[in-house]
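Please take a moment to walk through this structure from one sheet to the next, with the sequence at hand. The paragraphs below follow strands, helices and a chosen side chain in turn.

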Amino acid sequence: MASHSDTLVVFFGATAGANGGKLGSDEREIILLVWQIVDLHEKKVGKLHRCLVKPDSLERTDECKEETGLTVEDILKAEPLDTVLQQFQQSVSSEVKSLGRSSFTLCVDSPLVIRQALHPEASTKNLVLPECFFSFVDLKKDFQKCCPDATAAQQLTPASMLEYVGLPAVSEQSMGETEVSSMVQLTLHLLAEPYNHKFSCVETVKYKFDSGTCSKTEPVDSETVIRARGLPWQSSDQDIARFFKGLSIAKGGVALCLNAQGRRNGEALVRFINSEHRDLALERHKHHMGSRYIEVYKATGEEFLKIAGGTSNEVAQFLSKENQVIIRMRGLPFTATSQEVLSFLGPESPVTDGAEGLLFVKYPDGRPTGDAFVLFSCEEYAQNALKKHKQILGKRYIELFRSTAAEVQQVLNRYMSAPLISTLPPSPIVPVPVMAQPYLPAASSSRDCVRLRGLPYTAGIEDILEFMGEHTVDIKPHGVHMVLNQQGRPSGDAFIQMRSPDKSFMVAQKCHKKTMKDRYVEVFQCSTEEMSIVLMGGTLNRSGLSPPPCKLPCLSPPTAYAFPTPPSMLSEAALYQSPLLAAPRPPQSMTHSPAHALAYYPPQPHMYMNMNMNYTAYYPSPPVSPSTMSYFAAPPGSMAAAVAAQPHPAGSASSVMPQPGALMRMQGLPYNTGVKDILSFFQGYQYAPEEYSGMVQMSHQARSLIQPKEWLCL
């Protein structure tokens, strides 16, 4: 409605649950509407209307029963909400026309009845609200303009405002009639001398959510951002905007969060236009989206920018087209072209601007990831495209689902920021004191460990120590071990070594299902042996222990590794362990070199791994954790040279391997790659061609294991 409307409709509503300052916070339905017209020019008032509404559920709170005085019989005689709203529209339009006026605007004592009750309920019931409910005047804010010394707007009531201006309180009537009569008196008082107030500040409710982009340099107020959790995985930004119907979300203000595998994790960050709307959104905590309840928490602007912010010009150009529906395609053949994708979608779902409406997601080196985003000019075309879900392109089935501008930014940021070659902190070159136990403990049946499951993916060592509380003092030195998944990202699991089985039992009892960052964490008591099996891909829960699946051909580790160890230093073998060995043995003496202590790794058949197996990666922390799977730094060159210079008796070379260096796995090799190609790739680095381990299972992902003598710069 225009801000220059010549008629106000003073409007009031009540629900079957909480009312007043908590109106709409409990998802209860509207059961009462009251309104009265005020002619702003003639300063006249119309007839007071009171209309009951029949809800879908007849359940009411005790507070509602006491305040409204309505009985079940009264409610059963009423009409449903859609019928009542039609009657309201017809009644008000007819009365305004009889007064010789052309337009009207709603006037409420709080935006809650419009934003938190009427619009959410209409959205849930798929009702189309009349246009008049998309704009309104907040009497409290207009009153505060006229009386700036009055109490804050949130604390004002019709009765307190009447008292402030010296008007008598309205005689006691039924609920709704009292509030509307008081508001009408205040309105007439503000129109008269000395205020002569003009009701020109009209608030609006957005008809739909506007998608858009967000730059990483754009300032985002933390007081405007929330985190929604528990969303259905297939929900889009429009679904989330519908959940927050009645509140104004900033342009491009919905960012769906993705997990480590690039799939939606049921969370989203939502940015509102101001803190008032953010606070109203927090009141919808545990409201329902379909059959699921959605948790709503505060978030920060930094978190929003991390998910939704982007700097790519390519993405900005792709998303510059307004009012487009975005569809994400996943699982495309790596050789798929724009024309093949357009042919797959077909003429019934034309892409906006043809090939210009396609955005292929690629790695920094230009390799395709199998993902793409597509723009459609209307909902009909997008629906036709979604019907192609899991149809075949080439020899692969393609997944299609709705996406958002923020998801485009997030996916592109994730792939384009991934380093081509992962790096590690520099190798230690100073003496390290001898530790009582290695970082990776020997397998034991003693149940002196605990497993934490369900950790937030952002949880770090400090969060775990805080979670443990008073039990932190019982953790062994270097006893906190994070578990990463195959992508090298946190898996939500961790193992902690305690000083005794009694201590681990106490932690499991006290900390089980204790909350960390709004998530409950499961705590199980286990042994180091069980821990090793889990780290190799097995499972552990209260039902028991399941070994890892090892059915495919296995790669056996070398027969033995032995390195001289000075008495005052930790062995290089302990610092640079092979990823194939989960439990190094304690140092043992060797007959051929009694002058040195040796860290000896005899063959362990039960530890053999399949390189293609779905296993989890274990990294000790603190002090240092590798950043990527199957990449371990080499010992310093000086120590490697010292080891090579050690004298060995004749015939011992076959049983003791030379000093190994970095063990590295290569992924993404061309299928026709040969040994010469790999050695040429590492030209400029020192390696032993006769000692490379060769190719292993060159199938879907080509892998190669080599043993350089010293890793110089990678």
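Which residue in E11 is the bridge partner of Arg227? In this predicted model, the partner of Arg227 is Leu269. The pair belongs to a ladder of five bridges that joins strand E9, residues 225-229, to strand E11, residues 264-272, with the two strands running antiparallel. Helix H9, made of residues 275-282, packs on the sheet and touches E9, E11 and strand E13 (292-298), and the direction of the helix makes about 140° with that of E13. Helix H10, residues 301-308, also packs on the sheet, where it touches E9, E10 and E11, its direction making about 75° with that of E10.

The sheet in question is an open one, formed by five strands in the order E10-E11-E9-E13-E12 with antiparallel pairing. Its edges are strand E10 (249-258) and strand E12 (287-289), each of which pairs on one side only. From one strand to the next, the twist averages 35°.

Further along the chain, an open sheet is formed by five strands in the order E16-E17-E15-E19-E18, and here the pairing is antiparallel. Strand E16 (358-362) and strand E18 (391-393) stand at the edges with a single partner strand each, so one side of each is left without a neighbour in the sheet. On average, and with direction ignored, neighbouring strands of this sheet are turned by 35° against each other. E16 is joined to strand E17, residues 368-376, by four bridges in the antiparallel sense, and within this pairing Leu359 has Phe373 in E17 as its bridge partner. Helix H13, residues 379-386, packs on the sheet by touching E15, E17 and E19, and its direction makes about 150° with that of E19. Helix H12, residues 338-345, lies across strand E15 (325-330), E16, E17, E18 and strand E19 (396-402), and runs at about 125° to E16.

Phe373 also appears among the contacts of Glu407, a residue that lies in helix H14, which covers residues 405-416. Is Glu407 buried or exposed? Glu407 counts as buried because its relative accessible area is 0%, which falls under the 20% limit used for that term. Its side chain is joined to that of Arg328 by a polar contact of 3.1 Å. Leaving aside neighbours within four places in sequence, Glu407 is in contact with residues including Leu256, Leu258, Arg264, Phe401 and Arg402.

A further set of pairings involves strand E22, residues 490-498, which is mostly covered, since seven of its nine residues are buried. Strand E20, residues 449-453, pairs with E22 in the antiparallel sense over five bridges, and Val450 stands opposite Ile496 in E22. Strand E21, residues 475-484, is joined to E22 by six bridges, again with the strands running antiparallel, and Ile475 has Met498 in E22 as its bridge partner.

Finally, the chain as a whole can be considered. It holds 20 helices and 32 strands, and buried residues make up 50% of its 714 residues. Of the contacts in the chain with a separation of 6 or more, 72% are accounted for by residues 24 or more positions apart. The accessible surface of the chain comes to about 34,500 Å², and 53% of that surface belongs to carbon and sulfur atoms.

Terms used. Residues numbered from 1 in each chain as written. Predicted model: local features only at pLDDT ≥ 70, side-chain atom pairs only at ≥ 80, totals over all residues. Heavy atoms only, no water. Pairing = 2+ DSSP bridges. Axes fitted to C-alpha atoms, helices over the stretch in contact; angles between N-to-C directions. Contact = heavy atoms within 4.5 Å. Buried < 20%, exposed > 50% of the residue type's maximum accessible area, 1.4 Å probe, protein only. Areas by Shrake-Rupley, 256 points an atom, 1.4 Å probe, with all protein chains shown as cover. Polar contact = N/O pair within 3.5 Å; in protein donor to acceptor, adjacent residues only side chain to side chain.
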